[in-house]
Amino acid sequence: MTQPLPPYVLGRVAGVEPVTPLMRRITLEADDLRAAVPIAPDQQVKIFLARDGGVPEIPGAPDDGSGVAGWFARYLAVPEEIRPWMRSYTVRALDTATGRMVIDFVLHEDDQHAGPASRWAARAALGDVVGVLGPAVATYRTPSGEPVRLLVGDETALPAIGATVEQLPAGTRAVVVAEVTGPGEEQQWSSAAEVSVHWVHRTGDGDALPAAVRAAELPEGAVFAWVAGEAAAVRAVRRHLVSERGLDKRGVSFTGYWRRDLTQDDAPTEQDMADAVEQMEDTTTAG
Ligand SMILES: Cc1cc2nc3c(=O)[nH]c(=O)nc-3n(C[C@H](O)[C@H](O)[C@H](O)COP(=O)(O)OP(=O)(O)OC[C@H]3O[C@@H](n4cnc5c(N)ncnc54)[C@H](O)[C@@H]3O)c2cc1C
């Protein structure tokens, strides 16, 4: 099925504030964002950054009906030295009345190994301009009934987890297992739902999050799991939930948000492709 290209908007930085030392909240403003449609708590946008620090320009949608796929081929055809960087981020909050979109950027601990987006976010100042494509496809599949939400992720998933628990209605339950570098990176959310949060501190071997989920007591009854963060950790958590805890595959939504030692410009690995096929199958067979 061809997906139409979502609108491309130039957003001006209208606010910058720390959430925690390694998470920077940036508010983007644009008249065109008044027309953006909130879809789900984990909805994403693509952020574009010009390599020369100016206004990022991207090709328009092809008029041959090829939608996002056709547009992506055009984007890749732009010579690399002038092609704006494209990175995925979660819409932490959207105010269509004011045309303001809030995005929480994780700053990498080591600026030397940061990528263009985290480096940009660390230095962003009022009036800077980035391109915003979307909001687009949401991965959050609203489960039927009211199962307990099990929300698992690292700091890149906190914007989606925060938005999810804030939107859960009274009478529902959520269990959060979240990995951050240390106590100073833990966040607090308010929610009408009953939410228990288990913070896990990074150990360096990449296994802290999977180990915490393996050790966790899962809630009784129907569980809908949402897992996002570093791709290998996400894979390990999903495998455990399905193979060892017996969760229905269709009740586990999982997305690798970043890959160790690979940038978002790097091609998908075989494992990434296999994950994408599984995600598609799970989504199309979900009831
Ligand atoms: C649907 C979706 C939603 C996302 N939402 C958010 C969000 O709301 N906030 C957010 O901060 N991120 C979010 N991410 C993750 C973000 O897109 C990646 O972390 C991205 O790689 C950052 O781009 P960059 O230019 O800084 O680094 P890149 O150029 O992509 O990578 C440079 C280097 O940094 C490493 N790296 C990338 N991310 C991290 C990290 N988090 N910690 C340590 N090392 C890292 C890479 O392995 C690579 O070696 C989301 C990703 C997806 C797919």
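**Ligand shell, domains and cores**

Me: Which residues are closest to the ligand?
Reply: This is a predicted model, so local features need pLDDT of at least 70 and side-chain atom pairs count only at pLDDT 80 or more, while totals for chains, interfaces and linings use all residues. Residues are numbered from 1 along each chain as its sequence is written. The ligand has 26 residues around it (near means a C-beta atom, placed from the backbone, within 6 Å). The closest are Thr90, Val106, Gly115, Ser118 and Thr263.

Me: Okay, and which element gives the most to that shell?
Reply: β4, β6, α2 (116-123) and β12 (252-258) each chip in at least two residues (helices are DSSP H or I runs of at least four residues, strands E runs of at least two, numbered from the N terminus). The shell draws at least three residues from each of domain 1 (8-133) and domain 2 (148-285), with bounds from an automatic or database domain assignment. The top giver, with four residues, is β4.

Me: How many residues does each domain bring to the contact between them?
Reply: The chain splits into domain 1 (8-133) and domain 2 (148-285). Their centres, taken over C-alpha atoms, are 23 Å apart. Counting contacts as C-beta atoms, placed from the backbone, within 7 Å, the tally is 15 residues from domain 1 and 15 residues from domain 2.

Me: On the domain 1 side of that contact, which element gives the most?
Reply: Two or more residues come from each of β1 (8-20), β4 (85-90) and β6 (100-106). The one giving the most, with three residues, is β4.

Me: Where do the buried residues of α4 sit around its axis?
Reply: In α4 (residues 208-215), Leu209, Pro210 and Val213 are buried (20 or more other C-beta atoms within 10 Å of the residue's own, all placed from the backbone). They pack against β8 (148-153), β9 (173-180), β10 (194-201), β11 (223-230) and α5 (231-244). Because their arc, taken from the directions from the helix axis to the C-beta atoms, is only 100°, they lie on the same side of α4.

Me: How many residues are in the largest nonpolar core?
Reply: A nonpolar core joins buried Ala, Val, Leu, Ile, Met, Phe, Trp, Tyr and Cys residues through C-beta atoms within 7 Å. Those with the most contacts inside the largest one include Val152, Ala174 and Val227. There's also a separate second core of 23 residues, with Leu49, Tyr89, Ile103 and Ala121 among them. For the largest core, the number is 34 residues.

Definitions and conventions:
Two residues are in contact if their C-beta atoms, placed from the backbone, lie within 7 Å. A residue is buried if 20 or more other C-beta atoms lie within 10 Å of its own, exposed if 12 or fewer, and partly exposed in between; C-beta atoms are placed from the backbone.
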